[in-house]
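Hi everyone, thanks for coming. I'd like to walk you through a structure that's probably new to most of you, so grab a seat and have a look at the screen.

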Amino acid sequence: MTDVANRAGTRRTYTHREVMEILSGLLLALLTSMISTSVVGTALPTIVGELGGQDQLSWVASATLLTMTVSTPLWGKLSDIFGRKLMFQTALALFVAASVVAGLSQNMGMLIAARAAQGLGAGGLSALTQVILGDVVEPRERGRYSGYVGAVFGVSTVAGPLLGGFIVDASWLGWRWCFYVCIPLAVIAFAVIQKVLRLDHEHRDARIDWWGAFTITGAATSFMLVLSLGGHEFDWNSPWTYGLCALGVVMILLAVVAERRAASPILPPRLFGNRTFVLASLASLLVGIAMFGAMIYLPQYLQIVKGMSPTDSGLMTLPMVVSLFLGSIVSGRIVTRTGRWKLFPVAGMVLVAVGLGLLSRLHVDSGYLVIGLDIAVFGVGLGLTMQMLILAAQNAAEPRDMASTTSGVSFFRSLGGAVGVAAYGAILTNKVKSEMTSLMTAAHIRPSGSGATLSLGTPEAIGKLPDPIRVIVLEAFARGMQMVFLVGVPAALLGVVAVLFLREVPLRSSRGAQARRPAHAENS
């Protein structure tokens, strides 16, 4: 493969104003996709009530995570071949179309399929935002702008559930507007990108690594299906579990062979010889496991155990978004000023572990101030960590591997999130059921036919249960949530170890080897 980084000439540089114009379009699209991905959480009880399919509820969330995860590395490679701008706009258009279909869904199957398509688009927007930022901003200055990306992630984390709660609570809107509401923002983002994004695109090897795409996707899908369906659709100790795990292992081995032989691999094997890439990817995987599980299941604690409305539970997470925003912005500016970055992900992973430990101590009677402080500690940790890992990997990457490196680290974070959501869901379900059985036995209450499925009720239904049963259900859920948060602590601590082994290389103040003359500009 020709190393285009060695071509003579210079690469276009961008002023701060131009970077902010480009970033405005990228962040608007990213915000749109992330809000639409998370907005469904508070609307799920209403959606299931209208469409039916309680047993398929988890797939509404996991289908998006699944497709977003497996598609992330593919978008990076496609952008190398067809250009960043075209692929970014393609991902945005796919996301908008899938959102329309989701809003029009007439049954759970149609909704799950639409959510899967949304995940494909979201995977492209998430990965390519970082790739494009790496193309237009020097490494030393990148921390200054990557903080905004982290801030958008935090805002969307809160805005999604909050917006979903408002839409559900507003009788004149209806849950379908959870999918329609972001379409105007996406259209504006598309127009902004069309106007301001001018990137230098080089003609590269146009061969697509289809075999690598198939094996990487197959491996990720196999293991995620086990985590998503195990204990529900089939027993953990069953032929399905062993078969899917075996298939996943085979796919990993085939992926290694495919990537070593491919002329233009999706995840070049040389990346795994880069210590920084490997450790940053491992840390991102662990961040995803710790982060997404807490973010997805925290609203359940607030709505079920604390009895909050969807809107109020969204407002309750504001301490996390504010602390994440401040942590991301402040750390980014300090890194730009000093060029030193390692302190922040180390401190961030420690704070994530501490935050999860504090959250694991929440109970039925926990005060709102305590909850807010615990969430804020968790948010600061995320703000100091997420973008720094991508920044470190980009700084250590060869210019030709910028897209593969960025999408690779994003892939492992999304994979960790999908694994975390699925694993925490299984842990929560099993813990709640066992605690309810134990508490009912201790209270000399015989579980009725409905008692076995009380954990599947909506927050409103649980709140209307007679006192003896309601108290038991709330306590069971509180203990289940404690276990979910506690399980995330070891993942965060392993992340601390991974980050400690990263070798800090001060950020470059110029793209150096990346300088090159454009082969042709993406002006369309």
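**A walk through the helices**

Let's begin with helix H14, whose buried residues are Phe344, Pro345, Val346, Gly348, Met349, Val352, Ala353, Gly355, Leu356 and Leu359. Before I go on, please keep in mind that this is a predicted model.

Back to H14, then. The helix runs over residues 343-359, which is 17 residues. At 1.5 Å a residue they should span 24 Å, and the end C-alpha atoms are indeed 24 Å apart, so the expected and the modelled lengths agree. As a general reminder, an α-helix has 3.6 residues a turn, so residues three or four places apart point the same way.

What does H14 pack against? One partner is H15, with the two axes 7 Å apart and an angle of about 150 degrees between them. Angles over 145 degrees count as roughly antiparallel, so that's what we call H14 and H15. As for the hand of it, H14 and H15 cross in a left-handed way.

Now stay with H15, residues 368-396, and bring in helix H13, residues 318-338: their axes come within 7 Å and cross at roughly 35 degrees. Is that crossing left-handed or right-handed? H13 goes past H15 in a right-handed crossing. If you sort the residues in this contact by class, you get 13 nonpolar ones, nine polar ones and no charged ones.

One more link to H14 before we leave this part. Met349, which is on that buried list, has its C-alpha 9.8 Å from the C-alpha of Ala498, although their positions lie 149 residues apart in sequence. Ala498 belongs to helix H18, residues 467-500. With a relative accessible area of 5%, Ala498 is under the 20% cut-off and therefore buried.

**Another helix pair**

Over to helix H4, residues 84-103, and helix H8, residues 183-196. Their axes come within 10 Å and cross at roughly 165 degrees. That angle makes H4 roughly antiparallel to H8. The H4 and H8 crossing is left-handed.

**Two residues on the outside**

Next, find Trp210, in helix H9, which covers residues 210-229. Is Trp210 buried or exposed? Its relative accessible area is 62%, and exposed means over 50%, so Trp210 is exposed. Along the chain Trp210 is 136 residues from Leu74, yet C-alpha to C-alpha the two are 9.6 Å apart.

Val250 sits in helix H10, residues 239-261. Its relative accessibility is 43%, so Val250 counts as partly exposed. Val250 and Gly218 are 32 residues apart along the chain, and their C-alpha atoms are separated by 9.4 Å.

**And the cysteines?**

Somebody always asks me about this one: how many disulfides are there? The count comes to zero. Just to recall the basics, a disulfide is a covalent bond between the sulfur atoms of two cysteines. Take Cys178 as an example: the closest cysteine sulfur is that of Cys182, 9.3 Å away, and the cut-off is 2.5 Å, so that's too far for a bond. Cys178 is buried, with a relative accessible area of 1%. Cys245, on the other hand, has 28% relative accessibility, so it counts as partly exposed.

That's my tour. Over to you for questions.

Note on methods
Residues are numbered from 1 along each chain as its sequence is written. This is a predicted model: local features need pLDDT of at least 70, side-chain atom pairs count only at pLDDT 80 or more; totals for chains, interfaces and linings use all residues. Side-chain values use heavy atoms; hydrogens and water are left out. Axes are lines fitted to C-alpha atoms, for helices over the stretch in contact, and angles run from 0 to 180 degrees between N-to-C directions. Helices (H or I, at least four residues) and strands (E, at least two) are DSSP runs, numbered from the N terminus. A crossing is left-handed if the near helix is turned anticlockwise from the far one by less than a right angle, and right-handed if clockwise. Ala, Val, Leu, Ile, Met, Phe, Trp, Tyr, Cys and Pro count as nonpolar, Asp, Glu, Lys and Arg as charged, and the others, Gly among them, as polar. Buried means under 20% relative accessible area, exposed over 50%, partly exposed in between (1.4 Å probe, protein chains only). The expected span of a helix is 1.5 Å times one less than its number of residues. Angles under 35 degrees count as roughly parallel, over 145 as roughly antiparallel, 65 to 115 as roughly perpendicular and the rest as oblique.
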